[in-house]
Amino acid sequence: MSQILLVEDDPIVRLAYTKVLRTSGLELDTASNGAEALEKVRHGQFDAVVSDINMPGLSGIELLRAVRELSLDVPVVLVTGGPALETAVRAVEYGAYRYLTKPVDIDALRDTVHRAAEAGERARRRRETAAGAPLPALAPSEDELQLAERFDAALERLWIAFQPIVSGGRRSLFGYEALVRSDAELGRPDQLLAAAERLARLADLGRAIRARVAAEALDAPPGALLFVNLHARDLEDPELLDPHSPLSRVARRVVLEITERTALVEVSDIGAKVERLRSLGYRLAVDDLGAGYAGLASFASIQPEVVKLDMSLVRGVNGNVLKQSVVRSMVRLAEELGILVISEGIESREERETLAALGCDLFQGYLFGKPARGFLPPVL
Ligand code: G
Ligand code: MN
């Protein structure tokens with residue numbers, strides 16, 4: 001009998017679909033959210049997955065994507081109450097088997113799932129004959145094993161570079177941004193992040209970074225704030241919100257940077273998480289503002305104490321009136337909201353002087369100090 005995994009957060013809908021599918025002769029397992037489903041897919045063998053799209057936490061699309069990242073070819077049928085072109089496109093992009101809209105026609109559901117299960121069984125038989133023996137449920141590919149090894153090696157040789165942030169007006173140190181580095185082969189931060197995403201190990205990377213920063217915080221000059229980058233996924237990690245985590249113990253001197261580049265809309269309950277981080281003593285910054293991603297949407301959900309102007313706005317600002325007026329408006333808006341502005345990526349005195357004239361006081365960039373091991377004093 002075909003094994004189906006049904007993923008649906010609404011208990012009434014789940015029960016209804018369960019009944020329909022069971023009476024049509026399918027063996028059914030259920031999950032009430034995406035994370036639970038992913039665990040089941042990781043450890044079980046299913047001929048098809050049927051998943052709702054809109055669920056708290058991991059959405060159906062993200063589940064589909066995670067399943068594909070495990071290089072599994074199990075057919076996934078997506079069901080949604082709110083069809084949108086964008087989700088349909090993404091469903092196709094990540095290889096959904098079919099896309100059904102609610103309210104689902106019972107016959108269509110039964111038919112689609114049976115056809116998906118047959119396709120899944122065929123795929124499994126092909127794999128088994130190809131290998132000459134049944135494969136373990138989730139044998140990772142050779143590539144993935146290698147990547148996992150390199151990722152582990154990189155985590156072991158992880159270190160943190162610190163780059164100073166200064167107050168121009170007072171000619172004083174304001175803080176340091178912590179930037180992850182590794183001496184291993186997978187050394188560049190973008191490579192590390194890409195590997196963590198592919199291996200679904202972002203939490204391991206985030207935890208390792210935060211633990212290292214916490215350990216080094218003891219050596220930071222007194223009064224200097226520590227700016228730590230978060231990935232949107234980190235907000236889903238309970239360790240981040242744990243008051244006993246190493247970083248939480250020094251939360252009062254930490255500003256968590258959340259990049260405008262990541263899709264915060266996909267983080268469930270962002271308001272509650274932000275509130276909890278604040279109650280632990282953390283302050284929050286919106287990073288890379290002006291890089292042209294989510295616009296100012298993140299302001300409303302995060303209500304940051306600090307914004308960081310992206311270096312694309314800073315570069316050559318002295319000779320570009322358009323950049324100057326963008327910076328001027330951002331500074332005015334921030335002032336009205338009581339938010340501090342840090343300009344990033346300053347390389348020349350001309351950039352610094354123009355920014356100061358536009359009302360910016362806090363600066364970061366090679367002009368004041370490159371990211372380096374330890375807490376080097378800035379060039380003021
Ligand atoms: O996204 P985020 O702002 O966290 O990225 C900071 C990155 O910018 C770091 O990798 C850091 O090395 C780099 N960086 C910092 N200052 C400068 C600078 O003055 N010029 C350039 N080109 N890069 C910088
Ligand atoms: Mn940053």
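A polar side-chain atom of R181 lies 3.5 Å from an oxygen atom of ligand 1, a polar contact being a pair of N or O atoms within 3.5 Å. This is a predicted model, in which local features need pLDDT of at least 70 and side-chain atom pairs count only at pLDDT 80 or more, while totals for chains, interfaces and linings use all residues. Residues are numbered from 1 along each chain as its sequence is written, ligands are numbered from 1 in the order in which they are written, and side-chain values use heavy atoms, without hydrogens and water.

Two further side chains reach nitrogen atoms of ligand 1: a polar atom of Q163 at 2.9 Å and a polar atom of E347 at 2.6 Å. The protein covers 75% of the 530 Å² of accessible area that ligand 1 has on its own (Shrake-Rupley method, 1.4 Å probe).

The shell around ligand 1 has 5 nonpolar, 4 polar and 7 charged residues, with Asp, Glu, Lys and Arg counted as charged and Gly among the polar ones. Strand β7 supplies its largest share, 3 residues; strands are DSSP runs (E) of at least two residues, numbered from the N terminus.

E177 is among the residues that come nearest to ligand 1, and E177 is also a donor of the manganese ion, ligand 2. The other protein donors are N229, E257 and D287, and the four lie 2.1 to 2.3 Å from the ion; donors are N, O and S atoms within 2.8 Å of the metal (3.2 Å for Na, K and Ca). E177 in β7 and E257 in β9 are 80 residues apart, and both are buried, meaning under 20% relative accessible area with a 1.4 Å probe, protein chains only.

Conventions
Helix = DSSP H or I, 4+ residues; strand = E, 2+ residues; numbered from the N terminus. Buried < 20%, exposed > 50% of the residue type's maximum accessible area, 1.4 Å probe, protein only. Near = heavy atom within 4 Å. Polar contact = N/O pair within 3.5 Å; in protein donor to acceptor, adjacent residues only side chain to side chain.
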